[in-house]
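Colleague: Could you walk me through reading a model like this one? I am happier at the bench than at the screen.

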Amino acid sequence: MLTIAVSKGRIYEDALPLLAEAGIVPTDDPKTCRKLILATTRPDVQLVIIRATDVPTFVEYGAADLGIAGKDVLIEHGAESLYEPLDLNIACCRLMTAAHKDAPPLSGRIRVATKYVKIAQNYFASQGIQAEIIKLYGSMELAPLVGLADCIVDLVDTGNTLKANDLEPRELIMNISSRLVVNKAAMKMKHEAISALLTQFEKTLANR
Ligand code: AMP
């Protein structure tokens, strides 16, 4: 049995067609079904649909053999203990700084709200900017509006969320896409099954 941990939401939706090309179609819809382990049309493959930030942990400990997670989450987790054989090129977006549209360019010591504490620390250090990082778990866009922070670090796709909150994107930190990650022990123990799956994904991606 192969267990694949997939980040809920946007990444899961974007991963479905890719999984389907490999014959992996969940037999239940996680939106309507309360099961945490989803069987699929392939009897040797099951899915666990979990919070994005938990995917590297499940794969690292071997609770899942494979995982699909954003590069943002993998970098923040520090996923050196995982193999990352494939860029799946799905759920593409940008990790950016953003500030109020009327705010002057950032200077001096600034406060930054984000869930990406490590990435933000490294980024501002690399820019020579003194930044106090405030960890939030959601609704980052609120922080500059209520005076909690001068700017945020968050994912931007269309930019609509920023715009709706009078914020604007400022600096690009990195381009993000979802990656396939593999548990190192599973790569050895289940080599045949995992490499067959990798080959299938590679084929699908090459044809896109
Ligand atoms: P948008 O309004 O299209 O720029 O999307 C921004 C909102 O969606 C922010 O709350 C982001 O954290 C979230 N978001 C954007 N792209 C992604 C992605 N690829 N994966 C997860 N969340 C995302």
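Colleague: Let me begin with one residue: is Ala91 buried or exposed?

Modeller: Glad to help, and keep in mind that this is a predicted model. Buried means under 20% relative accessible area. Ala91 has a relative accessible area of 12%, so it counts as buried. Ala91 is found in the loop between strand 5 (82-87) and strand 6 (93-100).

Colleague: What is notable about the phi of Ala91?

Modeller: Ala91 has a positive phi, about 50°, although it is not a glycine. Ser139, also not a glycine, has a positive phi of about 45°. Ser139 sits in the loop between strand 8 (131-135) and helix 5 (142-145).

Colleague: And is Ser139 buried or exposed?

Modeller: Here the cut-off for exposed is over 50%. Ser139 is exposed because its relative accessible area is 53%.

Colleague: How would I read a helix residue, say Ile11?

Modeller: The reading goes the same way. Ile11 lies in helix 1, residues 10-21, and its relative accessibility is 12%, so Ile11 counts as buried. For the protein chain, 44% of the 208 residues count as buried.

Colleague: Now the ligand. Which residues are around the ligand?

Modeller: Among them are Arg10, Ala91, Cys93 and Glu141, together with a run from Asp154 to Thr161. Ala91, our loop residue, is therefore part of this shell as well as buried.

Colleague: How many residues of each class does the shell have?

Modeller: The shell around the ligand has 4 nonpolar, 4 polar and 4 charged residues.

Colleague: Which elements each supply at least two residues of that shell?

Modeller: Those are strand 9 (151-156) and helix 6 (160-164). Strand 9 gives the most, with 3 residues.

Colleague: Where do polar atoms of the protein approach the ligand's oxygen atoms?

Modeller: Look at distances between pairs of atoms. An N or O atom in the side chain of Thr158 is 2.6 Å from an oxygen atom of the ligand. For Asp154, a polar side-chain atom lies 3.3 Å from a ligand oxygen. With Asn160 the polar atom belongs to the backbone, and it is 3.5 Å from an oxygen atom of the ligand.

Colleague: How much of the ligand's accessible area does the protein cover?

Modeller: On its own the ligand has 500 Å² of accessible area, and the protein covers 77% of that. The space the ligand takes is the largest pocket.

Colleague: What does the secondary structure of the chain come to?

Modeller: The protein chain has 8 helices and 11 strands. Its C-alpha atoms fill a box of roughly 55 × 35 × 35 Å along the principal axes.

Key: Residues numbered from 1 in each chain as written. Predicted model: local features only at pLDDT ≥ 70, side-chain atom pairs only at ≥ 80, totals over all residues. Heavy atoms only, no water. Near = heavy atom within 4 Å. Polar contact = N/O pair within 3.5 Å; in protein donor to acceptor, adjacent residues only side chain to side chain. Areas by Shrake-Rupley, 256 points an atom, 1.4 Å probe, with all protein chains shown as cover. 1 Å grid on protein atoms, 1.4 Å probe; cavity = no way out; pocket = protein on both sides within 12 Å on 5 of 7 lines; lining within 4 Å. Sits in = over half its atoms within 2 Å of the grid points. Helix = DSSP H or I, 4+ residues; strand = E, 2+ residues; numbered from the N terminus. Nonpolar A, V, L, I, M, F, W, Y, C, P; charged D, E, K, R; others polar. Buried < 20%, exposed > 50% of the residue type's maximum accessible area, 1.4 Å probe, protein only.
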